[in-house]
Amino acid sequence: MDNFRKNPEMAPNVISRIHQLSEEFLKEELEKAGIQGLVASHGHILGCLYMEDNLPMWRIAALIKRRKSTLTVLADKLEQEGYIRRLPSPGDSRVRYLALTPKGEAARPLFLDIARRLQERFWHDFSAEEQRRTMEFLTRMENNFQPDVKGGPDNDMMDAQPEVAPSATLSRS
C-alpha cells in the first residue's frame with residue numbers, strides 16, 4: 001500500500017481525498033457549533049470579509065476562485081442565514097458589494113477558531129520549510145490548470161474576471 005500511495009499517478013486521488021477530509025472536518029466543526037447548512041465555500045467568503053469588510057462581489061469571486069454565478073448562490077445562502085448583506089455600489093449600479101451583518105461579525109471568533117484548527121490539523125508535523133515547499137509544489141500544480149499561465153491549458157474558469165486581478169491573499173500568519 002505504501003508504494004501505491006507514493007506513486008505520482010495517485011496525486012489527483014490523494015489531493016481529492018485531502019479535500020474530502022477537510023470538508024468533512026469543517027462540516028463536523030460547524031455542526032458541533034450549531035451551524036447547519038454551511039460549507040467550506042461559505043467560510044471562504046466570510047474569511048474574505050473578515051480580512052476586509054464591504055468587498056465587491058467580483059473581487060471575492062477572484063479571491064476564492066469561483067465563478068460569479070457560484071458566488072451568487074453562496075452569497076444567497078449567507079444572506080438568508082443573516083451573516084451578510086448585499087449593498088449597491090455608489091459609483092456603478094452593476095456592481096454589488098457584500099458586507100458583514102452583526103451576526104456575521106459576531107461569528108468571526110468561531111469561524112476563525114475553526115479555520116485555525118483546520119490549519120493545525122492540515123499542517124501537523126510539518127516544519128515551516130516543508131509547509132513552504134508543499135505550497136510551492138501545489139501552486140505549480142494549480143498553475144498547470146490556469147489560463148494565461150505558461151504551460152497551462154486554455155480555459156474560462158473565471159467568467160468576467162476583472163481586468164486587474166486583486167493582489168490580496170487569504171493567508172494570514
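A residue counts as buried here when its relative accessible area is under 20%. Keep that cut-off in hand as we walk through this predicted model, because Ala99, at a relative accessible area of 2%, falls under it and is buried.

Let's start right there. Ala99 sits in strand β3, which runs over residues 96-100. Once you set aside residues up to four places away in sequence, Ala99 touches Leu49, Asp53, Asn54, Tyr83, Ile84, Arg85 and Leu87. If you want a distance to check in your viewer, try the C-alpha atoms of Ala99 and Tyr50: they are separated by 9.5 Å, with the two positions 49 residues apart along the chain.

One of those contacts, Tyr83, is a good place to go next. Tyr83 is buried, since its relative accessible area is 6%. What lies over the face of its ring? Lys103 does, at 4.7 Å from the ring centre of Tyr83.

Tyr83 also brings us to the aromatic residues. The structure holds 3 aromatic pairs. In one of them, the rings of Tyr83 and Phe111 have centres 6.0 Å apart and planes at 85 degrees, so this pair is edge-to-face. Tyr83 belongs to the loop between α5 (68-80) and β2 (84-88), while Phe111 belongs to helix α7, so the pair ties together parts that are 28 residues apart in sequence. Phe111 is buried too, with a relative accessible area of 11%. Phe122 and Trp123 make another edge-to-face pair, at 5.2 Å centre to centre and with 75 degrees between the planes. Is each of these two rings' residues buried or partly exposed? Phe122 is partly exposed at 35% relative accessible area, whereas Trp123 is buried at 13%. Ring pairs also bring in Phe126, giving a cluster of Phe122, Trp123 and Phe126.

Helix α7, home of Phe111, is also a good way into the charged side chains. The count of salt bridges comes to 15. Within helix α7 (residues 108-122), Arg116 and Glu120 are 4 residues apart, which means about one helical turn separates them. They form a salt bridge whose closest N and O atoms are 2.6 Å apart. Arg116 is partly exposed at 39% relative accessibility, and Glu120 is partly exposed at 45%.

Now over to helix α2, where Lys32 and Glu29 are 3 residues apart and so are separated by about one helical turn. Their side chains meet in a salt bridge, at 3.1 Å from N to O. The two partners sit in unlike surroundings: Lys32 is exposed, with a relative accessible area of 65%, but Glu29 is buried, with 8%. How do these bridges connect? Glu29, Lys32, Asp113, Arg116, Arg117 and Glu120 are linked in a network of salt bridges.

There's another bridge to look at in helix α2 (residues 11-32): Glu31 and Lys27 both lie there, 4 residues apart, about one turn of the helix. The closest N and O atoms of their salt bridge are 3.8 Å apart. Both ends are partly exposed, with Glu31 at a relative accessible area of 35% and Lys27 at 49%.

Stay on helix α2 a moment longer, since Ile15 is found there as well. Ile15 is partly exposed, with a relative accessible area of 39%. Together with Met135, Leu138 and Met141, Ile15 makes a nonpolar surface patch of about 310 Å². Which helix gives the most to this patch? Helix α8 (residues 128-143) does, with 3 residues.

Last stop: His42, whose place is in helix α3 (residues 40-51). Its relative accessibility is 5%, so His42 counts as buried. Leaving aside neighbours within four places in sequence, His42 is in contact with Gly37, Leu74, Lys77 and Leu78.

Terms used. Residues numbered from 1 in each chain as written. Predicted model: local features only at pLDDT ≥ 70, side-chain atom pairs only at ≥ 80, totals over all residues. Heavy atoms only, no water. Helix = DSSP H or I, 4+ residues; strand = E, 2+ residues; numbered from the N terminus. Buried < 20%, exposed > 50% of the residue type's maximum accessible area, 1.4 Å probe, protein only. Contact = heavy atoms within 4.5 Å. Salt bridge = Lys/Arg side-chain N within 4 Å of Asp/Glu carboxyl O. Phe/Tyr/Trp six-rings, centres within 6.5 Å; stacked < 30°, edge-to-face > 60°. Lys NZ or Arg CZ within 6 Å of the ring centre and 35° of its normal. Patch = residues over 30% accessible without salt bridge, like charges linked within 9 Å, V, L, I, M, F, W, Y side chains within 5 Å. Areas by Shrake-Rupley, 256 points an atom, 1.4 Å probe, with all protein chains shown as cover.
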